[in-house]
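Me: I am new to reading structures of this kind, and I would like to learn how to go from the whole chain down to single residues. Could you take me through it step by step?

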Amino acid sequence: MKILLAEDDFTTRSMLAAILKKWGYDPVVCEDGHAAWNVLQKPEAPRLVLLDWNMPGLEGPEVCRRLRKKETANPSYVILLTGRGEKNDIVQGLEAGANDYISKPYDNAELLARIRVGQRMLELQSSLLATQAALAHQATHDALTGIFNRRAILDQLARELARALRQSVRLSVAMCDIDHFKEINDRFGHQAGDEVLVALTRCLQANLREYDYVGRYGGEEFLVIATGSTAQGDDGLYERLRQQVAALEVKTMTGNVAITVSIGTAPGTGKSTVDALLAAADAALYQAKAAGRNRVARSQDEKIGKDESGIG
Ligand SMILES: [Mg+2]
């Protein structure tokens with residue numbers, strides 16, 4: 001583990017660097033506060049920091065203050081090395097944002113113990129952040145397919161509508177539903193059904209553009225958001241998706257499964273609402289199913305996708 005060591009006194013610095021190495025740490029040595037501050041601003045800066053209090057230019061507490069001003073989610077752990085013992089100074093150092101301090105002349109065993117406390121704090125902090133990131137991912141992604149779940153794709157739609165309004169651009173949504181999915185489950189088993197869902201997801205992802213989004217809206221229903229649409233809409237994109245899915249043969253444990261999707265699409269602008277677009281796409285999906293499945297139907301709702309800003 002890297003430790004930043006800032007100490008202006010040559011002898012103390014050399015001794016500390018040597019003992020840190022002996023303890024298995026990797027010291028990054030600085031001769032004054034300015035040098036320490038430069039190192040600490042780098043992305044790969046040490047997280048554990050030993051700062052001498054009295055240094056020319058920039059003193060330890062000031063380096064600490066600057067560090068705390070900058071830091072957010074994953075703060076470093078700072079130990080001040082101080083020759084002063086008065087209570088007042090200690091308070092000042094801790095209020096500058098130091099986690100701990102040790103007075104010179106320090107005892108090696110105590111210094112090592114305090115460094116280890118810092119190391120444990122940093123390790124705990126990192127593991128909490130990793131857990132937090134994993135939970136955030138779980139809360140927004142579908143466990144089976146790995147794509148956005150219903151909540152996340154709807155949030156994305158709200159963001160894309162806000163962006164469409166700001167930039168006066170169009171978008172469209174498509175509700176894609178696997179035809180006769182229940183029969184696939186009944187005939188090939190639920191495991192095969194899951195494999196079909198994953199295969200369909202990969203197919204949609206492979207055929208969407210990088211600025212489009214797809215999420216699992218419900219059981220076998222997927223919501224696509226296509227951004228940057230033209231006034232003519234995204235009929236070509238959705239027809240291509242339909243064809244690619246129809247050409248797919250999913251190899252499952254219980255046999256090869258051919259699938260098709262019905263797609264209901266609705267064009268939108270920044271004036272559209274999430275609910276209105278979903279309702280229009282749903283109605284179009286119903287039309288596609290009623291007309292025989294394995295087809296794309298576009299919303300017949302004339303109000304959807306029009307606006308008064310001149311791009312309607
Ligand atoms: Mg000094």
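What follows is a conversation that moves from the overall form to the sheets, the cores and one residue.

Me: Before anything else, what kind of model is this, and how many helices and strands does the chain have?

Reply: This is a predicted model, and its chain has ten helices and twelve strands. The radius of gyration is 30 Å, well over the 20 Å that the globule rule gives for 312 residues, so the chain is more spread out than a compact globule. Taken along the principal axes, the C-alpha atoms fill a box of roughly 85 × 55 × 25 Å.

Me: Into which domains is the chain divided?

Reply: The division gives domain 1, covering 2-136, and domain 2, covering 150-298, and the C-alpha centres of these two domains lie 53 Å apart.

Me: How should I read a sheet, and what is the order of the five strands in the sheet with parallel pairing?

Reply: The general idea is that strands of a sheet pair through backbone hydrogen bonds, either parallel or antiparallel. Here, five strands form an open sheet in the order β2-β1-β3-β4-β5, with parallel pairing. At its edges stand β2 (26-30) and β5 (100-103), each with a single partner strand, so one side of each is left without a neighbour in the sheet. Neighbouring strands of this sheet are turned by 20° against each other on average, direction ignored. Looking at one pair, strand β4 (residues 77-82) runs parallel to β5 and is joined to it by four bridges, and within that pair Ile79 stands opposite Asp100 in β5.

Me: Which helix packs on that sheet, and which strands does it touch?

Reply: Helix α3 (residues 60-70) packs on the sheet and touches β1 (2-6), β3 (48-52) and β4, while its direction makes about 145° with that of β3.

Me: What is the strand order in the sheet with mixed pairing?

Reply: That open sheet has five strands in the order β7-β8-β6-β11-β12, with β7 (213-216) and β12 (296-298) as the edge strands, each pairing on one side only. Within the sheet, β6 and strand β8 (residues 221-229) pair in the antiparallel sense over eight bridges, and Ala174 stands opposite Val224 in β8.

Me: How do I recognise a core, and which residues of the largest nonpolar core touch the most other members?

Reply: As a general idea, in soluble globular proteins, nonpolar side chains tend to be buried together. In this chain, buried residues make up 35% of the 312 residues. The largest nonpolar core has 43 residues, of which Val173, Val224, Ile263 and Ala281 touch the most other members. Apart from that core lies another, of 29 residues, among them Leu4, Val28, Leu67 and Ile115.

Me: To finish with one residue, is Cys176 buried or exposed?

Reply: A count of 20 or more other C-beta atoms within 10 Å makes a residue buried, and Cys176 is buried because it has 26. Cys176 lies in strand β6 (residues 170-178), and, not counting residues up to four places away in sequence, it touches Phe222, Val224, Val261 and Ile263. With the same exclusion, Val224 touches several residues, including Val173, Ala174 and Cys176.

Me: How far is Cys176 from Leu50 in sequence and in space?

Reply: Cys176 and Leu50 are 126 residues apart in sequence and 58 Å apart in space, C-alpha to C-alpha.

Key: Residues are numbered from 1 along each chain as its sequence is written. This is a predicted model: local features need pLDDT of at least 70, side-chain atom pairs count only at pLDDT 80 or more; totals for chains, interfaces and linings use all residues. Helices (H or I, at least four residues) and strands (E, at least two) are DSSP runs, numbered from the N terminus. A residue is buried if 20 or more other C-beta atoms lie within 10 Å of its own, exposed if 12 or fewer, and partly exposed in between; C-beta atoms are placed from the backbone. Two residues are in contact if their C-beta atoms, placed from the backbone, lie within 7 Å. Domain bounds come from an automatic or database domain assignment. Two strands pair if DSSP finds at least two bridges between them. The radius of gyration is taken over C-alpha atoms; the globule rule is 2.2 Å times the number of residues to the power 0.38. A nonpolar core is a set of buried Ala, Val, Leu, Ile, Met, Phe, Trp, Tyr and Cys residues joined through C-beta atoms within 7 Å. Axes are lines fitted to C-alpha atoms, for helices over the stretch in contact, and angles run from 0 to 180 degrees between N-to-C directions.
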